[in-house]
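This report looks at the salt bridges of one protein chain and at how their partners are placed with respect to solvent.

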Amino acid sequence: MLSLWKLVLGGALAVVSMTPGVSAYPNPGAVTGSTFAHDPTVVKTPNGQYLMAYTAPGIALKTSTDRTRWNDAGLVWNNANAPWTAPYTGSNNANLWAPDLSYRNGKYYLYYSASTFGSRKSAIFLATSTTGAAGSWTNHGVVIETNANSAYNAIDPNLIVDAQGKWWLSFGSFGNGIKLISINPSTGLRSGSGMTDIASRGSGGAIEAPVITRHGNFYYLWVSFDLCCKAAASTYNIRVGRSSNIQGPYLDRDGKNMMSGGGTLVLASHGAYRGPGHNAVFTDNDADVLVYHYYRQLDGEAQLGINLLKYDDGWPIAY
């Protein structure tokens with residue numbers, strides 16, 4: 001007989017199959033309203049609500065009061081126009097990817113990617129806003145860029161502030177993997193020329209979308225393995241490793257270094273939920289919250305996925 005474990009998630013119910021032989025991955029918690037999202041990133045606002053940014057022409061925004069119902073909230077760039085990105089996006093300068101949203105020093109920081117699919121002629125830009133509202137953002141220029149001959153790709157940024165208050169940006173996609181650079185907290189732009197390798201699958205293996213979070217005494221490096229953007233045929237899956245030092249080495253639960261392809265599997269395709277990946281993590285009052293996109297098996301549309309995280313011996317588990 002099928003046994004179901006029902007878990008409260010932001011006012012909704014997540015259902016996890018406990019039947020032997022059936023995937024133990026949790027289904028996404030119920031979300032309502034405007035549920036399309038790709039590469040979502042969420043921050044809790046000072047007034048206790050939620051602001052999301054995600055990949056779309058002009059970078060799209062959503063808001064929520066309860067983490068369950070989401071409403072469209074316009075675009076970062078009015079008319080989806082960001083002409084300063086044209087050297088990296090060509091004529092399609094509205095098509096901006098993989099935003100990373102955080103709230104620090106009384107304003108919102110938005111790091112975002114400009115590129116074309118499959119290219120390493122790419123750049124990560126920074127914009128800020130005091131309100132987070134559509135059309136209120138100021139662009140501050142390029143943080144880091146790559147070209148067609150680069151061994152790594154300047155997309156998929158994520159900002160982390162370490163326990164000592166130092167700012168870092170992780171980024172990277174395919175190539176020789178995931179990188180970490182120092183950020184000047186006064187400007188939000190790159191500080192110095194140093195760069196640390198923190199994860200790789202070797203020989204250009206499919207790894208991207210890094211996110212670094214801190215819980216207890218550890219930094220956690222989240223990445224997506226395998227292939228995105230193939231609708232229901234996507235093979236994306238979410239992996240994690242940890243380190244006591246933000247610059248690594250990051251090891252998975254079996255002790256394998258993420259520079260050698262390590263990464264503990266947290267969430268993968270199961271049932272009608274295909275290719276979960278490009279996640280973000282933020283801390284809320286009840287738990288750390290895992291935010292990601294997945295593709296519906298029925299029609300291949302990208303959807304917002306939200307689960308809570310618990311920790312087993314210091315290792316995150318989605319539920």
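## Terms and model

A residue is called buried when its relative accessible area is under 20%, exposed when that value is over 50%, and partly exposed in between. The model discussed here is predicted.

## Arg67 and its two acidic partners

Among the nine salt bridges counted in this model is the one between Asp284 and Arg67, whose closest N and O atoms are 2.7 Å apart. Asp284 sits in the loop between strand 21 (273-283) and strand 22 (288-296), whereas Arg67 belongs to the loop between strand 7 (60-64) and strand 8 (69-75), so the salt bridge ties together parts that are 217 residues apart in sequence. Asp284 is buried, because its relative accessibility is 9%, and Arg67 is likewise classed as buried, with a relative accessible area of 5%.

Arg67 also forms a salt bridge with Asp286, and here the closest N and O atoms are 2.9 Å apart. This second pair again links distant parts of the chain, since Asp286 lies in the loop between strand 21 and strand 22, 219 residues from Arg67 in the loop between strand 7 and strand 8. Asp286 has a relative accessibility of 47% and therefore counts as partly exposed.

## Arg296, Glu301 and the shared network

Another salt bridge joins the side chains of Arg296 and Glu301, with an N to O distance of 3.4 Å. Arg296 is partly exposed at 28% relative accessibility, and Glu301 is partly exposed at 33%.

Salt bridges with shared partners connect Lys44, Arg67, Asp284 and Asp286 into one network.

Notes
Residues numbered from 1 in each chain as written. Predicted model: local features only at pLDDT ≥ 70, side-chain atom pairs only at ≥ 80, totals over all residues. Heavy atoms only, no water. Salt bridge = Lys/Arg side-chain N within 4 Å of Asp/Glu carboxyl O. Helix = DSSP H or I, 4+ residues; strand = E, 2+ residues; numbered from the N terminus. Buried < 20%, exposed > 50% of the residue type's maximum accessible area, 1.4 Å probe, protein only.
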